[in-house]
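Trainee: Could you walk me through this one, feature by feature? I'd like to learn how to read it.

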Amino acid sequence: MNDKQKEELKNKINSEIENLTRQVKELEDTVAPVKPDAAIGRLSRLDTMLNQGINKSSIAQSRQRILNLEDALNRLEKDVFFGECEECGEGIPIARLLALPESRFCVHCAEHLGE
């Protein structure tokens, strides 16, 4: 991987972290508990609670992805095990890294491992 590709990946990772962080902040506003005395009706309350559950799940997934991206950025900057499949040791294609910068496995091994 050359310096230009590394820089492109750093920019991609930082951009994704920023976008996910922004999404988490927006979703956090939607998961506040509904006050029992709020006059929204029973079905609306159930719908709101369902949406809150979905949003809480999205927040958890986004936070985990942020952690994975931060780890990938750290590995990229330290040039430690980034872009190398943890299963077979082969290089991970740059196209895969641009699509999923946090990838730790090549496509073949990811499919084999069920990632």
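Mentor: Start with Asp71. This is a predicted model, and in it Asp71 has a relative accessible area of 28%, so it is partly exposed.

Trainee: Which residue does the side chain of Asp71 meet in a salt bridge?

Mentor: Arg104, with N and O 2.2 Å apart. To read such a pair, look at where each partner sits. Asp71 belongs to helix H2 and Arg104 to the loop between H3 and H4, so the bridge ties together parts 33 residues apart in sequence. Arg104 comes out as partly exposed too, because its relative accessibility is 30%.

Trainee: How many salt bridges does the structure hold?

Mentor: Eight. One of them joins Lys6 and Asp79, at 3.5 Å from N to O. Here Lys6 is in helix H1 and Asp79 in the loop between H2 and H3, so parts 73 residues apart in sequence are tied together. Check the accessibility as well: Asp79 is at 53%, and the cut-off for exposed is over 50%, so Asp79 counts as exposed.

Trainee: What about Arg65, which residue does it form a salt bridge with?

Mentor: Glu102, and the closest N and O atoms are 2.6 Å apart. Arg65 lies in helix H2 and Glu102 in the loop between H3 and H4, so this pair ties together parts 37 residues apart in sequence. Compare the burial classes: Arg65 is partly exposed at 23%, whereas Glu102 is buried at 16%. Then see whether a pair belongs to a network. Lys12, Glu16, Arg65 and Glu102 are linked in one through salt bridges.

Trainee: Now the helices. Why does the distance between the end C-alpha atoms of H1 agree with its 26 residues?

Mentor: Work from the rise per residue. At 1.5 Å a residue, H1 should span 38 Å, and its end C-alpha atoms lie 37 Å apart, so the two agree. Look at the start of the helix too: Asn2 caps the N-terminal end of H1, with a side-chain oxygen 3.1 Å from the backbone nitrogen of Lys4.

Trainee: And which residues of H1 are buried?

Mentor: Lys6, Leu9, Ile13, Glu16, Ile17, Leu20 and Val24. Keep Ile13 in mind for the core.

Trainee: Which members of the largest nonpolar core touch the most other members?

Mentor: Ile13, Phe82 and Cys85, out of 20 residues. Next, ask which elements contribute. H1, H2 and H4 each give two or more residues, and H2 gives the most, with six. For a closer look, take Phe82 and set aside its neighbours within four places in sequence: its contacts are Met1, Leu9, Ala72, Arg75, Leu76, Leu97 and Pro101.

Trainee: Is Ala110 buried or exposed?

Mentor: Buried, because its relative accessibility is 5%. Ala110 lies in helix H4, and its C-alpha atom is 9.1 Å from that of Cys85, although 25 residues separate the two along the chain.

Trainee: Where is Ser103 placed?

Mentor: In the loop between H3 and H4. With a relative accessible area of 6%, Ser103 is buried. For a polar residue, look for a partner: the Ser103 side chain reaches the backbone oxygen of Leu100 at 2.7 Å. Beyond four places in sequence, Ser103 is in contact with Ile92, Arg96 and Leu97.

Trainee: One last residue: is Gln61 buried or exposed?

Mentor: Exposed, because its relative accessible area is 55%. Gln61 is in helix H2, and its C-alpha atom is 9.8 Å from that of Leu20, 41 residues away in sequence.

Terms used: Residues numbered from 1 in each chain as written. Predicted model: local features only at pLDDT ≥ 70, side-chain atom pairs only at ≥ 80, totals over all residues. Heavy atoms only, no water. Core = buried A, V, L, I, M, F, W, Y, C linked by side-chain atoms within 4.5 Å. Buried < 20%, exposed > 50% of the residue type's maximum accessible area, 1.4 Å probe, protein only. Helix = DSSP H or I, 4+ residues; strand = E, 2+ residues; numbered from the N terminus. Contact = heavy atoms within 4.5 Å. Polar contact = N/O pair within 3.5 Å; in protein donor to acceptor, adjacent residues only side chain to side chain. Expected span 1.5 Å × (residues − 1). Salt bridge = Lys/Arg side-chain N within 4 Å of Asp/Glu carboxyl O.
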